[in-house]
Amino acid sequence: MYFIKAEASFDAAHFLHDYEGKCSNIHGHRWRIVATVQNAFLQRNGQQKGMIMDFSELKKALKIIAEHYDHSLIYEKNTFKSDTLECLKRDGFRMVELPFRPTAENFARHFYMVLKEKGYRVSNMTVYETPENCAMYEEN
Ligand SMILES: [Zn+2]
């Protein structure tokens, strides 16, 4: 089996609703997202001969994800009081609403699915919340 890995990163704020501890407050991370793509075979012809795929193509897909979240406040649906949310939006803050709690684990699964739906043969998605802590998602 062959594997390639590429990564992108973004800076964004989040908080964990119903969490007792520091993470319940709004705080920022440099999120590092690392995708591993696999294939048993390499391309046989053309520009990508001898490759699973072009690194730049995988990097581009990760960059699209990263740009969606960069310099935003990420929050789980229904965790802000409606008037708080309204005020933040009215003041022009860039907000990204998610249907799930914004943990590294949930992001890992979410990004895995985004790439899979685009046709990438993802074997692993790793999301670093800090340089020392990461979560991974794999199927099988
Ligand atoms: Zn955090």
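The following exercises, each with a worked solution, lead through a predicted model of a protein chain.

**Exercise 1. Establish how many helices and strands the chain has, and in which order the elements run.**

Step one is to count the elements, which gives three helices and six strands. Step two is to read them off from the N terminus on, and the order that results is β-β-α-β-α-β-α-β-β. Step three is to look at the overall extent: along its principal axes the C-alpha trace spans about 55 × 30 × 25 Å. As a last step, one can ask how the chain is linked together, and here 59% of the contacts between residues at least 6 apart in sequence join residues that are at least 24 apart.

**Exercise 2. Find which residues of helix α1 are buried, and work out how they are arranged around the helix.**

Begin with the helix itself, which has 15 residues and runs from 55 to 69. From its first C-alpha to its last, α1 reaches 22 Å, which is close to the 21 Å expected at 1.5 Å a residue. Next, list the buried residues of α1, which are L58, A61, L62, A66 and Y69. Because these residues cover an arc of only 140° around the axis, they are on the same side of α1. A general point helps in reading such a pattern: an α-helix has 3.6 residues a turn, so residues three or four places apart point the same way. Then turn to the other side of α1, where S56, K60, I64, E67 and H68 are exposed. Finally, ask what the buried residues of α1 meet, and the partners turn out to be β1, β2, β3, β4 and α3.

**Exercise 3. Describe the largest nonpolar core, and say which elements supply at least two residues of it.**

The first step is to take the number of residues in this core, which is 24, and to note those with the most contacts inside it, namely I33, A35, L62, A108, F111, M125 and V127. The second step is to trace where the core comes from: β1, β2, α1, β3, α3 (104-117) and β5 (122-128) each supply at least two of its residues. The third step is to follow one of these residues, I33, whose contacts, leaving aside neighbours within four places in sequence, are E7, A8, S9, L62, I65, A66, F111 and V127. In general, nonpolar side chains tend to be buried together in soluble globular proteins. To set the core against the whole chain, note that buried residues make up 19% of its 140 residues.

**Exercise 4. Work out in which sense β3 and β4 pair, and what unit they make together with α2.**

Start with the pairing, in which β3 and strand β4 (residues 95-98) run in the parallel sense over four bridges. Two positions illustrate it, since Y75 stands opposite E97 in β4, while E76 stands opposite L98. Then add the helix, and the three elements β3, α2 and β4 are seen to make a right-handed β-α-β unit. To finish, inspect the cover of α2 (residues 82-90): the count of buried residues among its nine residues is zero, and this helix is hardly covered. Just after α2, G92 takes a positive phi of about 85°.

**Exercise 5. Locate D18 and H71, which have a positive phi without being glycines, and decide whether they are buried or exposed.**

As background, most residues other than glycine have a negative phi. D18, with a positive phi of about 60°, lies in the loop between β1 and β2. D18 counts as exposed because it has 8 C-beta neighbours inside 10 Å, and the cut-off for an exposed residue is 12 or fewer. H71, with a phi near 55°, belongs to the loop between α1 and β3 (73-76), just after α1. H71 has 12 C-beta neighbours inside 10 Å and therefore counts as exposed too.

**Exercise 6. Characterise E20 and G21 by their place in the chain and by their separation from M95 and L62.**

E20 is found in the loop between β1 and β2, and G21 is found in that loop as well. E20 counts as exposed because it has 7 C-beta neighbours inside 10 Å, and G21, with 7 such neighbours, is exposed for that reason as well. For the separations, take C-alpha atoms: E20 and M95 are 75 residues apart along the chain and 23 Å apart in space, whereas G21 and L62 are 41 residues apart in sequence and 31 Å apart in space.

Methods: Residues numbered from 1 in each chain as written. Predicted model: local features only at pLDDT ≥ 70, side-chain atom pairs only at ≥ 80, totals over all residues. Buried ≥ 20, exposed ≤ 12 C-beta atoms within 10 Å, placed from the backbone. Core = buried A, V, L, I, M, F, W, Y, C linked by C-beta atoms within 7 Å. Contact = placed C-beta atoms within 7 Å. Pairing = 2+ DSSP bridges. Right-handed = clockwise from strand over helix to strand, strands pointing away. Expected span 1.5 Å × (residues − 1). Arc of directions from axis to C-beta.
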